[in-house]
Amino acid sequence: YMRILIIATGYPRWPGDFTNIYLHRFAKALIKIGVKVFILTPHAPNLKEFDIMDSVFIYRFKYIIPTKLQSLAYFPGIPEKLKTLKGKLQLPFFLIFMAVYLVYLSHKLRIDVINAHWAMPCGLIAVLTRVFHRKPIVITLYGAELFPLLKSNTILSKLAKFLLKYTINSAEKVVGISDKTCEIAKIISKREDIQILPDGIDTEFFNPKVPEEIRARILGDEKGKILICSSGRMVERKGFRYLIEALPYILKKCPNVVLALGGDGPERKRLETLARKLGIEEKVKFLGFIPDEDFPKFLKACDVFILPSIVDSKGDTEGSATILLEAMACETPVVGTNVGGIPYAIKDGVGGFLVPQKNPKAIADAVLKLIENPQLMRKLGKEGRRYVEKKFSINKIARIYKEIFKKVSRISD
């Protein structure tokens, strides 16, 4: 068996946890094709240091004693936590212990390849410690560590660009989850062989035959309602504000529409206030976090799924459109904005529509075009499923990764 160590700043903490769940699906897909997968990820209060989940071996590094004081990793995310003094104070310990555990595990577990998810900090730590672990490194780029740096010219952003360039050029192989992510990585690093390799979609887990009982939970017994949905971390770049602002336009023509929003985050209170201000609070359901096992049911329950992402005030945007592809795998038609990696994942008119960012009217028009034409919705739903199976199946993506791992480690079958 080839032995791969995936290093990431977050990983599901228990079965059904939403944290970086795509990584767990990826790990399981690798195991299915004969790769032994180990994970290095941060510890958090009340978690085991070592765990096995679906045959994935998980090692969690502690970085503060007593462990109940650890708070840098996990929801609402390290970038948010670093805005606090407590987060800033924990960061050096976090990086040091990640490095120590990485070197220790790479020897103890006889690792063949280190796969760092995100260039910063995981990729940087992997390349800085190479002198000790001497393992080939594959870095997976997501975009959020790149996009804000493109237009920023502060001393901190110049340092970050220097470190990114060094990290990207020091790895044996670098892949990015969308064309936009790869394009910006090439601009920053001047490295030309960065390969597009999207997040894979588990088309068995996300499928059109899942039950829709969640629909009744959201809508109650009312018949004839149309359910439009979105979900994600409630932060500025997700653009939920523009979706809520689109709802009055939709309700003018289709008063039986209900908007359901899954997820949570620092913007949630503002979004609830906005719905009240627009007088549509009865039409907007805030569902909180949806457990992983219920997520395909949620996506299938939607009549239309929308990802209204934007380029935020810091220049950050969506690295990919994984959630749109998951909805398409459930034969749900989608609407996405034309930013970041979204246009790489979905094509306008294939499974749904692309609209300009920060444009509530454009979102409303696309949604109305769908809900006023059930035949078109069914057609796009079926097309979307075929498109995801062909281009984004997780089994196909895992096989490409395995070939990359073999190549950089010079392991033959």
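**View 1. Pro66 sits in the loop between β4 and α2 (78–81).** This is a predicted model. The peptide bond from Ile65 to Pro66 is cis. Its omega is near -5°.

**View 2. A cis bond leads into Pro121.** The bond runs from Met120 to Pro121, with omega near 0°. Pro121 belongs to helix α4, which covers residues 119–128.

**View 3. Phe61 and Tyr101 form an aromatic pair.** By the rule used here, the count of aromatic pairs comes to 17. In the pair of Phe61 and Tyr101, the ring centres are 6.0 Å apart. The planes make an angle of 50°, and the pair is tilted. Phe61 lies in strand β4 (residues 56–61) and Tyr101 in helix α3 (residues 85–108), so the pair ties together parts that are 40 residues apart in sequence. Phe61 and Tyr101 are both buried.

**View 4. Tyr344 and Phe392 meet edge-to-face.** Their rings are 6.2 Å apart, centre to centre. The angle between the planes is 80°. Tyr344 is part of helix α13 (residues 342–345), while Phe392 is in the loop between α15 (374–391) and α16 (394–409). The two parts are 48 residues apart in sequence, so the pair ties them together. Tyr344 is buried, and Phe392 is buried too. Tyr344 has another partner to look for: Lys391 lies over the face of its ring. The distance from Lys391 to the ring centre is 5.0 Å.

**View 5. Four aromatic residues form a cluster.** The members are Phe38, Phe50, Phe57 and Tyr59. Ring pairs link them.

**View 6. Helix α12 crosses helix α15.** Helix α12 spans residues 322–329. The two axes come within 7 Å. They cross at roughly 115°. The crossing is left-handed. From α12, the contact uses Leu325, Met328 and Ala329. From α15, it uses Gly381, Gly384, Arg385, Tyr387 and Val388. By class, the contact has 5 nonpolar, 2 polar and 1 charged residues.

**View 7. Asn46 has a positive phi, near 70°.** Asn46 is a residue other than glycine. Find it in the loop between β2 (35–42) and β3 (50–53). Asn46 is exposed, with a relative accessible area of 83%.

**View 8. Lys358 has a positive phi of about 55°.** Lys358 is not a glycine. Its place is the loop between β14 (352–355) and α14 (360–371). The relative accessible area of Lys358 is 41%, and the residue is partly exposed.

**View 9. Ala260 is buried in strand β10.** The strand runs over residues 257–262. The relative accessible area of Ala260 is 0%. Under 20% counts as buried, so Ala260 qualifies. Leaving out residues up to four places away in sequence, Ala260 touches Ile218, Leu227, Ile228, Cys229, Ser230, Lys285, Leu287 and Phe298. Lys283 is 23 residues from Ala260 along the chain. The C-alpha atoms of Ala260 and Lys283 are separated by 8.4 Å.

Note on methods. Residues numbered from 1 in each chain as written. Predicted model: local features only at pLDDT ≥ 70, side-chain atom pairs only at ≥ 80, totals over all residues. Heavy atoms only, no water. Phe/Tyr/Trp six-rings, centres within 6.5 Å; stacked < 30°, edge-to-face > 60°. Helix = DSSP H or I, 4+ residues; strand = E, 2+ residues; numbered from the N terminus. Buried < 20%, exposed > 50% of the residue type's maximum accessible area, 1.4 Å probe, protein only. Lys NZ or Arg CZ within 6 Å of the ring centre and 35° of its normal. Axes fitted to C-alpha atoms, helices over the stretch in contact; angles between N-to-C directions. Left-handed = near helix turned anticlockwise from the far one by under 90°. Contact = heavy atoms within 4.5 Å. Nonpolar A, V, L, I, M, F, W, Y, C, P; charged D, E, K, R; others polar.
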